Amino acid sequence: MPLDTSYVGRVYPPTEPYEVGREKIREFAAAVGDTHPVFVDPQAARALGHLDVIAPPTFIFTLAQRATDQVVHDPELGLDYSRVVHGDQRFVYSRPIYAGDRLTVVVHVDNIKTLAGNDVVDLRGEVDTDTGEHVVTVYLTLVSRAAG
């Protein structure tokens, strides 16, 4: 059954603030194998003009994915998550993510279409600090593979 296209334009409530910790940034950088000092050493980050250590660019995906769970698990949309594959993602930053940022995500359903029997959902997550400063926009495409 195709997805409910009336969801296009829907905006979900903001997530609870997530406080970005230095150690989480360090752990993520180690997990992705990035040894640049800007991710682990506050002095090195400051020497490069940053307020504190910054998160690697893909760090935001973890937070954004949790936010998109609101859409993925919305029973009225009709998305069968067991059939979902990751189609695409990209990030457009206004500024780096710093240790100490408290971030919220507001998810928008930008488009729903059917291609070759597969449902394709385009989502956008607007990531702001809890004081309203925009940090990054996350674009995510999910593909729900056709049955059979």
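Here is a walk through the structure shown above, from its sheet to its helices and then to a few single residues. Keep in mind that this is a predicted model.

Let's start with the sheet. Five strands make up an open sheet, and their order across it is β1-β3-β4-β5-β2, with antiparallel pairing. Strands like these are held side by side in a general way: strands of a sheet pair through backbone hydrogen bonds, either parallel or antiparallel. At the edges here sit β1 (18-19) and β2, each of which pairs on one side only.

Now go across the sheet, beginning at the β1 edge. β1 and β3 run antiparallel and are joined by two bridges. If you look for tyrosine 18, you'll find it opposite leucine 103 in β3. Further along, β4 and β5 run antiparallel too, with 10 bridges between them. One pair to look for is leucine 123 and its bridge partner in β5, leucine 140. These two strands form a hairpin with four residues between them, and glycine 132 in the turn has a positive phi of about 95°. On the other side of β5 comes β2: nine bridges join this antiparallel pair, and valine 84 has serine 144 in β5 as its bridge partner. How covered is β5? Mostly: nine of its 11 residues are buried.

What lies across the sheet? That's helix α3 (residues 60-72), which lies across β1, β2, β3, β4 (118-129) and β5 (134-144) and runs at about 55° to β3.

Helix α1 (residues 22-31) comes next, with Ile25, Phe28 and Ala29 as its buried residues. Look down the axis of α1 and those buried residues fall within an arc of 100°, so they line one face of the helix. What do they pack against? The buried residues of α1 pack against α3. Turn to the face pointing away from that buried side, and you'll meet the exposed residues Ala30 and Ala31. After α1 comes glycine 33, with a positive phi near 75°.

Time for some single residues in the loops. Alanine 116 is in the loop between β3 and β4. Why does this residue count as exposed? Because its relative accessibility is 79%, and the cut-off for exposed is over 50%. Alanine 116 also has a positive phi, about 50°, although it is not a glycine. To see what's notable there, remember that most residues other than glycine have a negative phi.

Aspartate 101 sits in another loop, the one between β2 (84-93) and β3 (102-115). Buried or exposed? With a relative accessible area of 10%, aspartate 101 is under the 20% cut-off, so it counts as buried. A polar atom of the aspartate 101 side chain lies 2.9 Å from the backbone nitrogen of tyrosine 98. Leaving out residues up to four places away in sequence, aspartate 101 touches Tyr18, Glu19, Val20, Arg95, Pro96 and Thr129.

Last stop: aspartate 74, in the loop between α3 and β2. Aspartate 74 has a relative accessible area of 13%, so it is buried as well. Which residue's side chain makes a polar contact of 2.9 Å with the side chain of aspartate 74? It's tyrosine 12. Apart from neighbours within four places in sequence, the contacts of aspartate 74 are Tyr7, Arg10 and Tyr12.

Key: Residues numbered from 1 in each chain as written. Predicted model: local features only at pLDDT ≥ 70, side-chain atom pairs only at ≥ 80, totals over all residues. Heavy atoms only, no water. Buried < 20%, exposed > 50% of the residue type's maximum accessible area, 1.4 Å probe, protein only. Polar contact = N/O pair within 3.5 Å; in protein donor to acceptor, adjacent residues only side chain to side chain. Contact = heavy atoms within 4.5 Å. Pairing = 2+ DSSP bridges. Axes fitted to C-alpha atoms, helices over the stretch in contact; angles between N-to-C directions. Arc of directions from axis to C-beta.
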